[in-house]
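The following exchange explains the terms applied to a structure and the grounds for applying them. Please consult the display below while reading.

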Amino acid sequence: MSTQLILASVIFVAIGVILSLVFVLTKFIGPKNENSQLKNSVYESGISNPIGNTNIRFSVKFYLVAISFLLFDVEIVFMFPWAVNVVELGYYGLIKMFIFMGLLFAGLIYIYKKKALLWD
């Protein structure tokens, strides 16, 4: 084995041991307030005393917009490496990206026809 591989392995194990020790030490060093009334009180979005019932149901449109955002946001993960290597991939990579973008555009048309983007 090369010395670089051994050094990398030793560093990886050392970081794991150090992180484990830090996690164990914080349990003993940190504050012990398991039954603190302030810690267990309700606090949400800057409001310490919420009014009304917190178990309300949201419209499905919120979830559809969130899923649509994720769908069209994750495409960047695939498009950025393609853009970096577009010259090396050549026409084959260009055709593949056009197919990918066409599928995404078809998804956008489907979402538009289902009126998921309209707020009533």
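Q: Why is Ile11 called partly exposed?
A: In this predicted model, Ile11 has a relative accessible area of 45%. Buried means under 20% relative accessible area, exposed means over 50%, and partly exposed lies in between (1.4 Å probe, protein chains only). Ile11 therefore counts as partly exposed.

Q: On what basis are residues numbered and local features accepted?
A: Residues are numbered from 1 along each chain as its sequence is written. Because the model is predicted, local features need pLDDT of at least 70 and side-chain atom pairs count only at pLDDT 80 or more, whereas totals for chains, interfaces and linings use all residues; side-chain values use heavy atoms, without hydrogens and water.

Q: What is the confidence in the protein?
A: The pLDDT, the predictor's confidence in each residue from 0 to 100, averages 83 in the protein, and 90% of the residues score at least 70. Helix α1 (residues 3-29) has the highest confidence, at a mean of 94, and helix α2 (residues 60-84) the lowest, at 82.

Q: What makes a run of residues a helix here, and how many helices are there?
A: A helix is a DSSP run of H or I with at least four residues, and a strand is a run of E with at least two, numbered from the N terminus. The protein has three helices and zero strands. Ile11 is placed in helix α1, and Val86 in helix α3 (residues 86-113).

Q: Why does Val86 count as partly exposed?
A: Its relative accessibility is 30%, so Val86 counts as partly exposed. In the protein, buried residues make up 7% of the 120 residues.

Q: What is the radius of gyration of the protein, set against that of a compact globule?
A: The radius is taken over C-alpha atoms, and the globule rule is 2.2 Å times the number of residues to the power 0.38. For 120 residues, a compact globule would have a value near 14 Å, but the protein has 25 Å. Its C-alpha atoms fill a box of roughly 65 × 60 × 15 Å along the principal axes.

Q: How many Å separate the C-alpha atoms of Val86 and Ser36?
A: These C-alpha atoms are 57 Å apart, and the two residues are 50 residues apart along the chain.
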